[in-house]
Amino acid sequence: MNPSLSIYDNLGGAGTIRRLVEAFYPKVQENPLLGPLFPEDITPVLEKQFMFLSQFFGGPSLYSDAHGHPMMRARHLPFPVTPERAEAWLGCMRAALEEVGVEEQLRDAVLQRLSGPAFHFVNTTQE
Ligand code: HEM
């Protein structure tokens with residue numbers, strides 16, 4: 001990992017982000033806490049996540065260009081995001097990073113970067 005580069009560039013850009021979201025959503029869908037929250041056709045969510053993570057990690061502002069201000073916490077308010085679901089989400093992301101072959105130091109940096117928002121999106125303790 002090169003700390004003077006963005007996470008996006010450390011990951012190797014769009015190709016890796018795409019492989020990451022493609023590895024991530026099957027795990028989300030199979031997860032008993034997360035799967036039921038998501039639509040059967042995951043493609044639109046996967047595309048939005050590709051755009052969001054590209055910009056969140058320091059790449060091109062694909063998400064804002066297409067969908068406006070992210071307001072990500074607000075966009076999660078319709079869904080019961082519990083602390084357990086935030087942990088599960090990050091667990092799926094860890095497994096996806098491993099599957100895609102992201103080295104340990106970079107993997108930890110990515111997870112650290114995502115854990116802030118994940119726990120910030122928690123909006124209930126009830127399922
Ligand atoms: C904390 C646990 C989380 C849960 C349970 C969760 C769940 C969800 C759900 C249910 C959706 C909507 C799917 C639909 O369109 O029907 C969604 C959308 C989305 N989530 Fe999460 N999410 C979590 C964390 C995160 C994190 C940490 C990020 C990124 C930092 C993220 C980024 C997104 C994006 C970009 C969308 C699409 C938003 C849009 O519709 O434009 N989520 N999430």
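**The ligand shell and the helices behind it**

The ligand has 22 residues around it, with Leu-37, Phe-52, Ala-86, Trp-89 and Ala-118 the closest; a residue is taken as near when its C-beta atom, placed from the backbone, lies within 6 Å of the molecule. Helices H3 (43–56), H5 (72–76), H6 (83–100) and H7 (104–120) each give two or more residues to this shell. Helices here are DSSP runs of H or I with at least four residues, numbered from the N terminus. The biggest contributor is H3, with five residues. By character, the shell splits into 16 nonpolar, three polar and three charged residues. For that tally, Ala, Val, Leu, Ile, Met, Phe, Trp, Tyr, Cys and Pro count as nonpolar, Asp, Glu, Lys and Arg as charged, and the others, Gly among them, as polar.

A word on the input: this is a predicted model, in which local features need pLDDT of at least 70, side-chain atom pairs count only at pLDDT 80 or more, and totals for chains, interfaces and linings use all residues. Residue numbers run from 1 along each chain as its sequence is written.

Turning to H6, its 18 residues should span 26 Å at 1.5 Å a residue, and its end C-alpha atoms are indeed 26 Å apart; the expected span is 1.5 Å times one less than the number of residues. Arg-85, Trp-89, Cys-92, Met-93, Ala-96 and Leu-97 are the buried residues mentioned for H6. Seen down the axis, the buried residues of H6 fall within an arc of 140°, so they line one face of the helix. The arc is that of the directions from the helix axis to the C-beta atoms. Burial is a matter of counting: 20 or more other C-beta atoms within 10 Å of a residue's own make it buried, 12 or fewer make it exposed, and anything in between is partly exposed, with C-beta atoms placed from the backbone. Pro-83 and Glu-98 are exposed on the face of H6 turned away from its buried side. The cover over the buried residues of H6 includes helix H2 (14–30) and H7. Just after H6, Gly-101 adopts a positive phi of about 90°.

H2 has 17 residues and reaches 25 Å from first C-alpha to last, close to the 24 Å expected. Its buried residues are Ile-17, Leu-20, Val-21, Phe-24 and Val-28. They cover an arc of only 95° around the axis, which puts them on the same side of H2. Gly-15 and Glu-30 are exposed on the other side. The buried residues of H2 pack against helix H1 (7–11), H3 and H6.

H2 and H6 also turn up together in the largest nonpolar core, along with H3 and H7, as elements that give two or more residues. Such a core is a set of buried Ala, Val, Leu, Ile, Met, Phe, Trp, Tyr and Cys residues joined through C-beta atoms within 7 Å. Of its 20 residues, Leu-20, Phe-24, Cys-92, Met-93, Ala-96 and Leu-97 touch the most other members. Not counting residues up to four places away in sequence, Ala-96 touches Leu-20, Ala-23, Phe-24 and Lys-27, contact meaning C-beta atoms, placed from the backbone, within 7 Å.

Two loop residues round things off. Phe-38, in the loop between H2 and H3, counts as partly exposed with 14 C-beta neighbours inside 10 Å. Met-71, in the loop between helix H4 (62–67) and H5, has a positive phi of about 40° although it is not a glycine.

Definitions and conventions
Contact = placed C-beta atoms within 7 Å.
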